[in-house]
Amino acid sequence: MVQNKVKYINYCISCFSKQYDMSLLEAYNYLDRYGGIASIAHPYRLRVDFDLEQNSVDKLIFNLKNVGLDAIECYHESHCEDDIKYYLNLARNSSMQVTG
């Protein structure tokens, strides 16, 4: 299903972008086919926004890795030094790329 969605470049200029509904696996396959990588963005925010324990976030990352996740965003403004070290270690130990 394709939907046109209005996005704003700035406060007075609008544009239309196509929005596609696809499964996570379809998105991973699409990224892989065209040389992109799938990265989980600012995982610390998952803990805060969804009130998750760290081990739940880790399990989510490992489950996503099994279906195509390539990288973890380790560097983000919401990550403190300990978070950065933690996610760098997690990425290294799970053979994932680092983004951020």
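The chain exposes about 7,300 Å², and carbon and sulfur atoms supply 51% of that area. What you're looking at is a predicted model, so it pays to check the confidence before reading anything else into it. The mean pLDDT of the chain is 85, with 82% of its residues at 70 or more. Confidence bottoms out in strand 1 (residues 2-10), where the mean is 51, and peaks in strand 4 (residues 71-73), at 97. Where pLDDT is low, the predicted coordinates should not be read in detail.

On to the layout. There are 4 helices and 5 strands in the chain, and walking along the sequence you meet them as β-β-α-β-α-α-β-α-β. Of the contacts in the chain with a separation of 6 or more, 56% are between residues 24 or more positions apart. As for burial, 23% of the 100 residues count as buried.

Now for the inside. The largest nonpolar core has 14 residues, and those with the most contacts inside it are Ile40, Ile61, Leu69, Ile72, Tyr87 and Met96. Helix 3 (54-67) and helix 4 (81-93) are the elements that give two or more residues to this core. Ile40 is a handy place to start if you want to trace the contacts by eye. Setting aside neighbours within four places in sequence, Ile40 is in contact with Leu46, Ile61, Leu64, Leu69, Ala71, Ile72 and Glu73.

Just along from there, have a look at His42, which is found in the loop between strand 3 (39-40) and helix 2. The phi of His42 is near 25°, a positive value in a residue other than glycine. His42 counts as partly exposed because its relative accessible area is 28%. Ser95 is another residue with a positive phi, about 55°, although it is not a glycine. You'll find Ser95 in the loop between helix 4 and strand 5 (97-99), and at 66% relative accessibility Ser95 counts as exposed.

What about charges? Side chains of opposite charge can pair when their charged atoms come close, and here the count comes to 2 salt bridges. One of them joins Arg45 to Asp49, with the closest N and O atoms 2.5 Å apart. Arg45 and Asp49 sit 4 residues apart in helix 2 (residues 43-49), so about one helical turn separates them. Both ends of this pair are partly exposed: Arg45 has 29% relative accessibility, and Asp49 has a relative accessible area of 48%.

The other salt bridge runs between Asp83 and Arg47, where the closest N and O atoms are 3.8 Å apart. Asp83 lies in helix 4 and Arg47 in helix 2, so this pair ties together parts that are 36 residues apart in sequence. Asp83 is buried, with a relative accessible area of 9%, whereas Arg47 counts as partly exposed at 22%. The cut-off for buried is under 20%, which is why Arg47, at 22%, ends up as partly exposed.

Finally, the outside. Tyr20, Met22, Tyr30 and Tyr34 form a nonpolar patch on the surface, with about 490 Å² of accessible area together. Met22 is found in the loop between strand 2 (13-20) and helix 1 (24-33). With 42% relative accessibility, Met22 counts as partly exposed.

Note on methods:
Residues numbered from 1 in each chain as written. Predicted model: local features only at pLDDT ≥ 70, side-chain atom pairs only at ≥ 80, totals over all residues. Heavy atoms only, no water. Core = buried A, V, L, I, M, F, W, Y, C linked by side-chain atoms within 4.5 Å. Buried < 20%, exposed > 50% of the residue type's maximum accessible area, 1.4 Å probe, protein only. Contact = heavy atoms within 4.5 Å. pLDDT = per-residue confidence, 0-100. Patch = residues over 30% accessible without salt bridge, like charges linked within 9 Å, V, L, I, M, F, W, Y side chains within 5 Å. Areas by Shrake-Rupley, 256 points an atom, 1.4 Å probe, with all protein chains shown as cover. Salt bridge = Lys/Arg side-chain N within 4 Å of Asp/Glu carboxyl O.
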